[in-house]
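Please open the model in your viewer and keep the sequence panel visible beside it. This tour proposes one selection after another and describes what is found at each stop.

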Amino acid sequence: TPVIQEHLGRAGPVRAGVGHDGKFFLMQSWAALYPDGQYTEAMDDPLYRARRMLFPLLIGAGGLLPDHLTPWTMAYGQVLILGLGTLGAAKVSQALGGSPWAGLAFVLNPGLWFEVVIGGAGVLALATAVWGTWNVQRGRIGQASIWLMLSVLTREVMLVYVAGLALHQLLSKRKLPIALVAPSIGGLLVWDIY
């Protein structure tokens, strides 16, 4: 908190306790690619935090956005991502023969609202995974693999989601889904090496 307040040049409201992901994502958004290790001294586990790079990269426009605007893009970005995830879930529901209104399950998910409250990246991770799923349903494996890679670069645990989709493809198509999985694993490995 002191690092953020000093960086912004003003004190803001501070809640009791350590807080959560939001403060780390805020610092990362100012230097998302860790060009000189900036802010790493204020993070609990910089390498762990660095694995979750897509959300801070987006909200800080790759470090190009003026720092004082980033808290606003973080908040409004979450709302936009909730909307995009809801639209994606509606498309998945329609592809399965259901009602597009079922897409509201995305925005009404209490776990996602918790992610918004803590400033977490789970909303983006699930929204990109849902868009990946919709593209799998349409047979657009190339587009699906990009969406899934973005999901994994948001939260590395989304590899489990990718594995689930891959297993479904393996069982239903009787073909190894290498093109679906490789970008997610490759993207994470390349980013980890960086």
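In which helix is Thr86 found? Thr86 is found in helix α5. Please bear in mind throughout that this is a predicted model.

**First stop: helix α5 and its surroundings**

Select residues 70-95, which form helix α5. At 1.5 Å a residue, the 26 residues of this helix should span 38 Å, and its end C-alpha atoms are 36 Å apart, which agrees. Now select Thr86 alone. Its relative accessibility is 15%, and residues under 20% count as buried, so Thr86 is buried. Leaving aside residues up to four places away in sequence, Thr86 touches Gly103, Leu104, Phe106 and Val107.

Move next to residues 104-107, which make up helix α6, and pick out Ala105. Is Ala105 buried or exposed? With a relative accessibility of 54%, Ala105 counts as exposed. Add Ala89 to the selection and draw a distance between the two C-alpha atoms: Ala105 and Ala89 are 16 residues apart in sequence and 7.8 Å apart in space.

Two backbone positions complete this stop. Just after α5, Gly97 takes a positive phi of about 90°. In the loop between α4 and α5, select Ala61. The phi of Ala61 is near 50°, a positive value in a residue other than glycine. Ala61 counts as partly exposed, because its relative accessibility is 39%.

**Second stop: helix α2**

Select residues 21-30, helix α2. How many of the residues of α2 are buried? The count is 10 of its 10 residues, and the helix is mostly covered. Among these buried residues are Phe24, Phe25, Leu26, Met27 and Trp30, while Asp21 and Lys23 also belong to the buried set. To view what covers them, display α1 (2-8), α3 (46-50), α4, α5 and α7 (110-118), which are included in the cover.

**Third stop: helices α8 and α9**

Select residues 141-154 to show helix α9. At 1.5 Å a residue, its 14 residues should span 20 Å, and its end C-alpha atoms are 20 Å apart, which agrees. The buried residues of α9 are Ala144, Ser145, Leu148, Ser151, Val152, Leu153 and Thr154. They pack against α4 (54-59), α8 (122-137), α10 and α11.

Add α8 to the view. The axes of α8 and α9 are 8 Å apart, and the two helices pack at an angle of about 165°. Angles over 145 degrees count as roughly antiparallel, and α8 is therefore roughly antiparallel to α9. The crossing of this pair is left-handed. On the α8 side of the contact, select residues including Leu124, Thr128, Trp131 and Asn135; on the α9 side, the residues include Ile141, Trp147, Leu148 and Ser151. By class, this contact has 10 nonpolar, six polar and no charged residues.

A general point helps in viewing any such contact. An α-helix has 3.6 residues a turn, so residues three or four places apart point the same way.

Before leaving, select Arg140 in the loop between α8 and α9. At 40% relative accessibility, Arg140 counts as partly exposed. Its C-alpha atom is separated by 9.6 Å from that of Leu180, although the two residues are 40 residues apart along the chain.

**Fourth stop: helices α10 and α11**

Leu180 leads to the last pair, since Leu180 is one of the α11 residues that meet α10. Select residues 159-173 for α10 and residues 178-193 for α11. How do these two helices run relative to each other, roughly parallel or roughly antiparallel? Their axes come within 9 Å and cross at roughly 160°, and α10 and α11 are therefore roughly antiparallel to each other. In this pair, α10 passes α11 in a left-handed crossing.

Display the side chains where the helices meet. Leu159, Val162, Leu165, Ala166 and Gln169 are the α10 residues of the contact, and Leu180, Val181, Ser184, Ile185 and Leu188 are their partners in α11. The residues of this contact divide into eight nonpolar, two polar and no charged.

The final selection is Arg174, found in the loop between α10 and α11. Arg174 has a positive phi of about 55° although it is not a glycine. Its relative accessibility of 68% means that Arg174 counts as exposed.

Terms used
Residues are numbered from 1 along each chain as its sequence is written. This is a predicted model: local features need pLDDT of at least 70, side-chain atom pairs count only at pLDDT 80 or more; totals for chains, interfaces and linings use all residues. Side-chain values use heavy atoms; hydrogens and water are left out. Axes are lines fitted to C-alpha atoms, for helices over the stretch in contact, and angles run from 0 to 180 degrees between N-to-C directions. Helices (H or I, at least four residues) and strands (E, at least two) are DSSP runs, numbered from the N terminus. Angles under 35 degrees count as roughly parallel, over 145 as roughly antiparallel, 65 to 115 as roughly perpendicular and the rest as oblique. A crossing is left-handed if the near helix is turned anticlockwise from the far one by less than a right angle, and right-handed if clockwise. Contact means heavy atoms within 4.5 Å. Ala, Val, Leu, Ile, Met, Phe, Trp, Tyr, Cys and Pro count as nonpolar, Asp, Glu, Lys and Arg as charged, and the others, Gly among them, as polar. Buried means under 20% relative accessible area, exposed over 50%, partly exposed in between (1.4 Å probe, protein chains only). The expected span of a helix is 1.5 Å times one less than its number of residues.
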